[in-house]
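Notebook open, structure loaded. I want to look up the strand pairing toward the end of the chain first, then the pocket.

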Amino acid sequence: YSLYGITYGNNQFVAVGVNGKIRTSPDGVTWTSSTSGTADEFNGITYGNNQFVVVGSSGAILTSLDGVTWTSKASGTTDNLYDIVYGNNQFVAVGYLGTILTSTDGVTWTSRTSGTTEVIFGLTYGNNQFVVVGVGGIILTSPDGVTWTLRILAASSLNGITYGNNQYVAVGDYGMIRTSPDGVSWTTRTSGTRNWLEGI
């Protein structure tokens, strides 16, 4: 079965995917299946505030302290959620039609105004801000996960983003790669492929 997200925390890797599938591993080599108790499709997972949090179809959000036993939480939305990250002492989840949710504890979630109806596929936290990417090459930034600013719209959709080595790197359709030192000014890079890039 397909797996769409993975994170590391509490001395183990946890991967999630279709039909509520969850797999855990202490070393990335030997994997054990866990039961989430739901048939939802899980798209993203993160670790923060001493817990794992997964997001998925129809607004599904589940939390776990150990990656094995999972509890469903009320997200307040039925929109599909595609990614989640922990930063600045809070969780931020993103999804369909510009949906952005925040939570300090993984239990109580608040809907935020993104200013867009584009689908948001990915997000990261780095350099003291959140940066999200999505359909139409949209890029939004926020220092707190509450107030969001539109930075750019590109021709190709962006599907994933990360932060490292003092820069953001976003990837997307038709081999699109864009980099930025601050989340505001972006440079298109040559990837050498026309294949869709889904994550980084």
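Starting with a turn: I looked at the hairpin of β19 and β20, where 6 residues sit between the strands and Gly183 has a positive phi near 85 degrees. Worth jotting down that this is a predicted model.

Next I checked how those two strands pair. β19 and β20 (residues 187-189) run antiparallel and are joined by 3 bridges. Thr179 has Thr187 in β20 as its bridge partner.

Then I went to the other neighbour of β19. β18 (residues 167-172) pairs with β19 (residues 177-180), also antiparallel, over 4 bridges. What stands opposite Thr179 of β19 here? I found Val169. So I have Thr179 noted with Val169 on the β18 side and with Thr187 on the β20 side.

β18 and β19 make a hairpin too, with 4 residues between them. In that turn I noted Tyr174, with a positive phi of about 55 degrees.

On to the pocket. The largest one comes out at about 650 Å³. It is lined by 26 residues, and Tyr4, Asp83, Phe121, Asn159 and Glu198 are the closest to its centre.

Which strand gives the most to this lining? I got β13, with 5 residues. The strands that each supply at least two lining residues are β1 (3-9), β5 (42-48), β9 (81-87), β13 (120-126) and β17 (158-164).

Last, I sorted the lining by class: 12 nonpolar, 11 polar and 3 charged residues.

Technical notes. Residues are numbered from 1 along each chain as its sequence is written. This is a predicted model: local features need pLDDT of at least 70, side-chain atom pairs count only at pLDDT 80 or more; totals for chains, interfaces and linings use all residues. Side-chain values use heavy atoms; hydrogens and water are left out. On a 1 Å grid over the protein atoms alone, a cavity is a set of points where a 1.4 Å probe fits but cannot get out, and a pocket is an open set with protein on both sides within 12 Å along at least five of seven lines; lining residues have an atom within 4 Å of a point. Grid points are joined across faces, edges and corners, and a volume is the space filled by probe spheres set on the points. Ala, Val, Leu, Ile, Met, Phe, Trp, Tyr, Cys and Pro count as nonpolar, Asp, Glu, Lys and Arg as charged, and the others, Gly among them, as polar. Two strands pair if DSSP finds at least two bridges between them.
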